[in-house]
Every structure is written in structure tokens, then in C-alpha cells.
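Let's walk through this structure together, from the overall fold down to a few single residues. Keep the 3D view open as you read.

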Amino acid sequence: MKISARNQFAGKVTAVKEGAVNGIVTIDVKGTPVTATISMSAIKELGLAEGKDAVAVIKATEVMVGAGSLQLSARNQFAGKVVSVEKGAVNDIVKIDTAIGTVTATITDGSVQNLGLEAGKDAVAVVKATSVMVGIE
């Protein structure tokens, strides 16, 4: 699968919780759960079920970055260390090494400055389950 989203994490579906309109799909990526809220029609069209190979896809613009201890409602919180910060005129690209792999976030330069983000610093990549897309090969 070739798409423009920077964050693509392959794994296996470990759970599918069905709802009336949407369902919650959990994908195990290197021993860490990644949760996606997607439509029931997409779950059925993709044939998503426990044990099926799947890819969690997250656009870099959908990744929030935090520093320190966070208590949030977002299901996906991946702690790690900043690998790099690529400066831009308005937005910066922050890469964080986490248990699922390197997560790339596009956030404002002001946020990078306010959080003191730089290579080697601890950070948390935060992604709402509704921002995770699911793909299959």
C-alpha cells in the first residue's frame, strides 16, 4: 500500500468491538495496542477480524505531542524520545521513537518551543482513535 500518510504501522487485529454505526478495532503493533474507531461498513468491507493482518495509518497532522505526565481521553498515547525536529516557517516535523516505531507529527513551531522539544527529550505522541485509519494489503 502506497499512500501519503507518514505513519503506517503494520500489525495484527486483536479485537473488534462492534457498535450500531462504528466499531473499535485494536491492532497489535510490536506488542502495543493501536486503537481505531471506524465505520461498521468499513470493518465488514475490509473483513477485519481477530488475527487478520492490518495497518494502522495516521496522518502526521493528526498526531498531538505532549511532554510529561498526561491524563487524556485519547486512547493512543505512545511515549518515547524525540529523534529529530525539522524546523519550518510555521510548522515543524517532530519524529518520536516509540514502541510502535517512529511516529511523525506536524505541529506548530510555537508548540515545539513551548514544550522544549529537541532530540533526546521525552515526549508522548497522542492520537485519538477516530484519527486512525485501517488498511489491509
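Following the chain from its start, you meet the elements in the order β-β-β-α-β-β-β-β-β-α-β-β. That makes two helices and ten strands, where helices (H or I, at least four residues) and strands (E, at least two) are DSSP runs numbered from the N terminus. Please bear in mind that this is a predicted model, in which local features need pLDDT of at least 70, side-chain atom pairs count only at pLDDT 80 or more, and totals for chains, interfaces and linings use all residues. Residues are numbered from 1 along each chain as its sequence is written, and side-chain values use heavy atoms, with hydrogens and water left out.

Now for the overall dimensions. The C-alpha trace spans about 45 × 30 × 25 Å along its principal axes. The radius of gyration is 15 Å, which agrees with the value near 14 Å for a compact globule of 137 residues; it is taken over C-alpha atoms, and the globule rule is 2.2 Å times the number of residues to the power 0.38. Of the contacts with a separation of 6 or more, 61% join residues 24 or more positions apart, a contact being heavy atoms within 4.5 Å.

Turning inward, 40% of the 137 residues are buried. Here buried means under 20% relative accessible area, exposed over 50%, and partly exposed in between (1.4 Å probe, protein chains only). The largest nonpolar core holds 31 residues, and those with the most contacts inside it are Ile27, Leu48 and Leu117. Such a core is a set of buried Ala, Val, Leu, Ile, Met, Phe, Trp, Tyr and Cys residues joined through side-chain atoms within 4.5 Å. Leaving aside residues up to four places away in sequence, Ile27 touches residues including Val13, Val34, Val55 and Val134.

Which loop holds Lys30? Lys30 sits between strand S2 (22-29) and strand S3 (32-39). Its phi is positive, about 55°, although Lys30 is not a glycine. Most residues other than glycine have a negative phi. Lys30 counts as exposed because its relative accessibility is 65%.

Finally, look at helix H2 (residues 109-115), where you will find Ser111. With a relative accessible area of 29%, Ser111 is partly exposed. The C-alpha atoms of Ser111 and Gly66 are separated by 9.5 Å, with the two residues 45 apart along the chain.
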